[in-house]
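Me: I've got a two-chain model open and I'd like to learn how to read it. Could you walk me through it, feature by feature?

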Amino acid sequence: MDDRDTTIICRCEDLTLRDVQRAIDSGCKTLDEIKRLTRCGMGPCQGRTCRPLVSAQLSRVLKMHPSEITMTRFRPPTKPIKLKALALLKTEAGDEDHD
Amino acid sequence: MTERAQIVIIGGGVIGCAIAYNLALSGADDVMILEQSYLASGSTGRCGAGVRQQWGTRMNCILSRESVRRFETLNDTLDYPGDIEFKQRGYLMVAHSQKEWDQFQENLKLQNELGIPSQALSPQEATEIVPILNTEGLLGATFCPTDGHCNPFYVTDAYAQAARRLGVQIRTQCQVTGIDVKQGKIRGVQTEDGYISTPIVINAAGAFSQHVAVMAEVEIPVYSERHQILATEPVAPTLDPMVISLSRHIYCQQVPHGSFLMGLGDPDELKSTDTGHSWQFLHNIARHVTELLPPLGELRMVRQWSGSYNISPDSQPILGKGGPEGFFLACGFSGHGFMIAPVVGEALAALVLGEEPPVRISQLDLGRFARGDLIREPSVV
Ligand SMILES: Cc1cc2nc3c(=O)[nH]c(=O)nc-3n(C[C@H](O)[C@H](O)[C@H](O)COP(=O)(O)OP(=O)(O)OC[C@H]3O[C@@H](n4cnc5c(N)ncnc54)[C@H](O)[C@@H]3O)c2cc1C
Ligand code: FES
């Protein structure tokens, strides 16, 4: 155990610096690849907390400027929303039904 | 100096990686995968990764049955240090119309004849497997306990790692921009980073396969269509099988991580390789799913994404030779390419190397459209 095992990078998905480092060691060069192998950034906060930390770590390891690290796509919603609320939503296009 | 390869595979999705592994396993040298982004960045990494054997055509039943056998032991076969997370908790296919129910009876006959352990269930029996199922208007269901789902990133990674160990070169962030054809033969591929000379090219470019085919002067009758997925917050295990309704065009599953994933086949979806999202989708999927599985109304959605189906005229893949000598196709999977990847990988490798494939796939060639020998699958979402 060292600091890397106790340093939490993604609190939503409970991932440590070690988990992220392992993904980088296995060849991940982008935030998207790390996200898909570790789930880092897939939690309820949509990566708002962990994304800056992971990109900092990537830029350190790959010796790139942080601005060169491509951000992952931002995926709706901004806040978690219940399915029953979505089900009631009336959309502009009206109530589509494909039965 | 020109770079050389014996076989170039365009596309690093599950299909390209499975083919590469099987080629190398059968002794092919100098196999190269060229991927424009990263591995599994295309449809593979965006898919539901469901694996079902409850199909309505002999071909799909056999391809998926044989693939299930391989998924069951894939961690060992590929010596994967991780786990592909193949969970066999079954698929429950629900029927709300007489037409659907009649089709299911026919499908069951075929499936059972081929050794697939699917069975018919009354609405009551269906709720024993899925207690949260709304039985209103339900005529019955079919269930196959050995169906399931995997983690698509890990399956692709497992094939890629095993392929690399056997000497396959995998280049990511390397887009193919042209294919060099002379006198009806493949000579090489042009990439962003230079020219690679090769006598054989395999088109496993997923949603972009029609564009890649044009580079080799072949027209293939496929188009790409957006399909979206909604993911919820993770919760305690509540749903064992994948639940799917063909007439409502929906499927819903709970993945090992605890999230529910649900998708919808919308006839009005964009016909393109676009991977954006829409509000209408969220509303439609939430409405259908909360009707079928009411307690899920309480769950919170945390994410939505989309990917492409690459669709052929009979909803079946196009596998085999096409166009110039040395050009092979592995595309048009029409929304069910993940689940048959293990067998497709073996079959394509065998075709390329002139060996006998494990399953007869000659009917899936490009020529079937000209011959009018279509194999229409009645049971797609
Ligand atoms: C929402 C959704 C749900 C699905 N659910 C299921 C399911 O439950 N079960 C199932 O079996 N299937 C499912 N599918 C279908 C499945 O995802 C596909 O059939 C399968 O992943 C196809 O794999 P592939 O390797 O052919 O394609 P892809 O994974 O798309 O791989 C093709 C690769 O080629 C690359 N490429 C393209 N053009 C070029 C070029 N010029 N140069 C270099 N590289 C290039 C792309 O970047 C891409 O990575 C689903 C699909 C979607 C979108
Ligand atoms: S902290 Fe990583 S997703 Fe929320």
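Reply: Sure. Let's begin with helices and strands: they are DSSP runs, at least four residues for a helix and at least two for a strand, numbered from the N terminus. Bear in mind that this is a predicted model. Going from the N terminus, the elements of chain A come in the order α-β-β-α-α-α-β-α. That gives chain A five helices and three strands.

Me: How much of chain A is buried, and how much of its contact list is long-range, say 24 or more positions apart?

Reply: Buried means under 20% relative accessible area. Of the 99 residues in chain A, 43% are buried. As for contacts, take those in chain A with a separation of 6 or more: 51% of them link residues 24 or more positions apart.

Me: Now the interface. How many residues does each chain bring to the contact between A and B?

Reply: Chain A brings 32 residues and chain B brings 38. Together the two chains bury about 3300 Å², with 55% of that on carbon and sulfur atoms. On the polar side, there are 14 residue pairs in polar contact between chain A and chain B (both at pLDDT 80 or more). Three elements of chain A, namely α3 (31–38), β3 (81–82) and α5 (83–88), each supply at least two residues of the side that touches chain B. The largest share, five residues, comes from α5(A). Sorted by class, that side of chain A has 14 nonpolar, five polar and 13 charged residues.

Me: With charges at the interface, how many salt bridges run between chain A and chain B?

Reply: Look for a side-chain nitrogen of Lys or Arg within 4 Å of a carboxyl oxygen of Asp or Glu. Between chain A and chain B the count is two, while the structure holds 18 over all chains. One to click on is A:Lys82 with B:Glu298, at 3.1 Å, N to O.

Me: Are those two side chains buried or exposed?

Reply: Partly exposed, both of them: A:Lys82 has 25% relative accessibility, and B:Glu298 has 42%.

Me: What about salt bridges inside a helix? Where do A:Asp19 and A:Arg22 lie?

Reply: Both are in helix α2 (residues 17–25) of chain A, three residues apart, about one turn of the helix. Their side chains meet in a salt bridge at 3.6 Å, N to O. A:Asp19 is partly exposed at 22% relative accessible area, whereas A:Arg22 is exposed at 52%.

Chain B has a helix pair too. B:Arg70 and B:Glu66 form a salt bridge at 3.2 Å, N to O. They sit four residues apart in helix α2 (residues 58–72) of chain B, so about one helical turn separates them. Both B:Arg70 and B:Glu66 are buried. Through shared partners, salt bridges join B:Arg65, B:Glu66, B:Arg69, B:Arg70 and B:Glu346 into one network.

Me: Last one: how is chain B divided into domains?

Reply: Domain 1 covers 3–47 + 153–222 + 314–371, and domain 2 covers 87–146 + 223–308. Their contact takes seven residues from domain 1 of chain B and nine from domain 2 of chain B. The two domains bury about 670 Å² between them, 51% of it on carbon and sulfur atoms. B:Arg46, B:Ala207 and B:Val222 supply 61% of the area that domain 1 buries against domain 2, more than any other three residues. Across this interface there are zero salt bridges, but five residue pairs are in polar contact (both at pLDDT 80 or more).

Definitions and conventions: Residues are numbered from 1 along each chain as its sequence is written. Chains are lettered from A and ligands numbered from 1 in the order in which they are written. This is a predicted model: local features need pLDDT of at least 70, side-chain atom pairs count only at pLDDT 80 or more; totals for chains, interfaces and linings use all residues. Side-chain values use heavy atoms; hydrogens and water are left out. Domain bounds come from an automatic or database domain assignment. Contact means heavy atoms within 4.5 Å. Buried area is the accessible area (1.4 Å probe) that two parts lose on being put together, summed over both. A polar contact is a pair of N or O atoms within 3.5 Å; within protein, one must be able to donate a hydrogen and the other to accept it, and residues adjacent in sequence count only if both atoms are side-chain atoms. Buried means under 20% relative accessible area, exposed over 50%, partly exposed in between (1.4 Å probe, protein chains only). Ala, Val, Leu, Ile, Met, Phe, Trp, Tyr, Cys and Pro count as nonpolar, Asp, Glu, Lys and Arg as charged, and the others, Gly among them, as polar.
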